[in-house]
Amino acid sequence: MRKALGAGCLLLISLSAAGQGTPATPPRPGYVLIHEEIAKPSMLVQYEATTRDINKALTDTHADPKNFAMNLYVTSDMHYLYVWPIANWAAIDAMQQNFVSLGQTIGQDRWRDLMNRGNSAMYSYNEFVAQLRPDLSYVPATPRLKPEERRFVHWIFYYVDAAHMQEAEQVAKDYAALFRAKNIADPFTTYQVVSGNDLPILVAAVPAKSAADYYANDEKVNAALGADVQPLAARALAITRKYEVRDGIYRPDLSYPVVATEKK
């Protein structure tokens, strides 16, 4: 959150449940702004402490969640993903103005200290916007997990051949149709990256309780799909320039408004 919004705006999205509706009421198209920071391994404690202090500044100034609400996800390779839902592109300008106002409200010295501490603990950053594609997503009638149980997300990145984007969209729709026909209890949410490098990119996000829960359940899902999924997978890969998978863990303790973590 350091250089973001002051220096201008991999898609790993909010992944697990953002924007999902019900089968009777499809979710509306929406956008998310993702600010990605790679923390220095030697400075993780300082990095996370700074994020907590920024959230405390938001709390101290009673910052409106409508303007600042953010979910944070962390990957195993120390990528911190700050995810803000936005209504449209104009909201990015409004967000920048809100952060400038926040710096003035909490005091320039305190704000400068927070930015310096965060920047020194960070290796690099990136920013991009993604659009929710409900027409390419799947929402089960009876989900296996409750929303509050979704603390893990598995992302599948398809770097699509630009000449085959329409075909890629049809493959996603066919995946959703197969999941529906097999009554799969786990959703997948598809996003299209609409700013940044190496476009076009489609990302499928699958929520789970944990990494162990995801991989154990993934075997069950593949068994339920059976041989019917193999032609779809082949079609998808045939028009994909690059294929990546990543895992992330939701960090409510580093999100805003801060959500208390469960005691073990």
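In the predicted model, strand β2 (residues 71–75) is largely enclosed by the rest of the structure, because four of its five residues are buried. Burial here denotes a relative accessible area under 20%.

Strand β2 pairs with two strands, β3 and β8. The pairing with β3 (residues 79–86) is antiparallel and comprises four bridges. Within this pair, tyrosine 73 of β2 lies opposite leucine 81 of β3. The two strands form a hairpin, with three residues separating β2 from β3. The turn contains methionine 78, whose phi angle is positive, at about 70°. The pairing of β2 with β8 (residues 240–250) is also antiparallel and comprises three bridges. Here threonine 75 has glycine 248 of β8 as its bridge partner.

Strand β8 also takes part in the surroundings of helix α7 (residues 229–238), as one of the elements that cover the buried residues of this helix. The buried residues of α7 are Val229, Leu232 and Ala236. These residues lie on the same side of α7, because the arc they cover around the axis is only 60°. The cover over them includes, besides β8, strand β5 (152–160) and the helices α5 (165–181) and α6 (211–225). On the face of α7 turned away from the buried side, Gln230 and Ala238 are exposed. Strand β8 thus appears in both settings, as an antiparallel partner of β2 and as part of the cover over the buried residues of α7.

Notes:
Residues are numbered from 1 along each chain as its sequence is written. This is a predicted model: local features need pLDDT of at least 70, side-chain atom pairs count only at pLDDT 80 or more; totals for chains, interfaces and linings use all residues. Side-chain values use heavy atoms; hydrogens and water are left out. Buried means under 20% relative accessible area, exposed over 50%, partly exposed in between (1.4 Å probe, protein chains only). Two strands pair if DSSP finds at least two bridges between them. The arc is that of the directions from the helix axis to the C-beta atoms. Contact means heavy atoms within 4.5 Å.
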